[in-house]
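Trainee: I am new to this structure and would be grateful for a close look at a single part of it. Please explain that part in one connected account.

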Amino acid sequence: MSANQLTLGGAFNISLETNIYQVQQGDESLRNSIIESYQPFIKKVVSKVCNRFIDQTMDEFSVGLVAFNEAINQYQKGQGSKFLTFADMVIRRRIIDFIRKESRQVRHIYLDQTKPADENAMEESFIEQKAAIDYYEEECRINERMDQIESYQTLLLEYGITFDVLSKHCPKHADARENAKVSAKKLVEHKELVNYLKKKKQLPIKDLLQFVSCSRKTIERNRKYIIALSLIYIGGFSALKSYIEPELESVQ
């Protein structure tokens, strides 16, 4: 039986999401069973972020376990993604935070070391180490961005949108794109509009018009683009925020 067909408490064919909601109601035995069953998934995600094999004895794996448990606590019904997609994102973020923290500690340890007799050698060594750490952190940022793009692509598919479709529906004019960004930002500021979007998988055009200056025709024409932008906010894809923050001050 696969992890996705996890049989717990004598119940068959219960979705993982249903089990997660049961755990959130206080079933700690079920929580432990889920965490144990999904250890291969956790190891796979952690290994991918670290770009090397990770086993259960390593600190990174422990961070992944804690992050998976955090995802169980934070997952919300109807948030627009499956639990494993959400858990994947939480684990990746926590591992990246852990790596950054470790990198900062390496800096402090090095700086606290006794100065060598050859100060030029010390300076060269420090520059080399700093360059290596900076390169590593940049690689982490790139990997985080790529991981978020992958998760974002999966979320878009739940709304019937692909990157190919999105490119075809992207407004050609800059002012139209900025208006779409403003519309998306207004949508996510109102919980009832977000809930409608998640539940219906459709843009709440009528209600959204109350908060924007665009015409209904404009909103309808850019419907898929606005949905896509809104999902970046909703999914918490911080690495993609440059695509959604309005830039033109004249656009309201």
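Mentor: A word on the annotation comes first: UniProt positions are given in the numbering used here, feature names are shortened, and annotations may be inferred rather than shown by experiment. The model itself is predicted. With that understood, the UniProt record places the feature "short sequence motif: Polymerase core binding" at residues 59-72, in an unreviewed entry. Over this stretch the chain is 100% helix and 0% strand, and the C-alpha atoms at its two ends are 20 Å apart.

The helix to consider here is helix 4, which covers residues 59-74. Helix 4 packs with helix 3, residues 39-50. The axes of these two helices are 9 Å apart, and the angle between them is about 120°. Angles of 65 to 115 degrees count as roughly perpendicular and those over 145 as roughly antiparallel; helix 3 and helix 4 are therefore oblique to each other. Their crossing is right-handed.

For wider context, one may turn to the enclosed spaces. The structure holds two cavities of 30 Å³ or more, and the largest cavity contains about 50 Å³ of space. Its lining consists of Met89, Arg92, Arg93, Glu144, Asp147, Gln148 and Ser151. Helix 5 (83-111) and helix 6 (119-157) are the elements that give two or more residues to this lining, and helix 6 supplies the largest share, four residues. By character, the lining residues divide into four charged, two polar and one nonpolar.

Conventions:
Residues numbered from 1 in each chain as written. Predicted model: local features only at pLDDT ≥ 70, side-chain atom pairs only at ≥ 80, totals over all residues. Heavy atoms only, no water. 1 Å grid on protein atoms, 1.4 Å probe; cavity = no way out; pocket = protein on both sides within 12 Å on 5 of 7 lines; lining within 4 Å. Points joined across faces, edges and corners; volume = space filled by probe spheres on them. Nonpolar A, V, L, I, M, F, W, Y, C, P; charged D, E, K, R; others polar. Axes fitted to C-alpha atoms, helices over the stretch in contact; angles between N-to-C directions. Parallel < 35°, antiparallel > 145°, perpendicular 65-115°, else oblique. Left-handed = near helix turned anticlockwise from the far one by under 90°.
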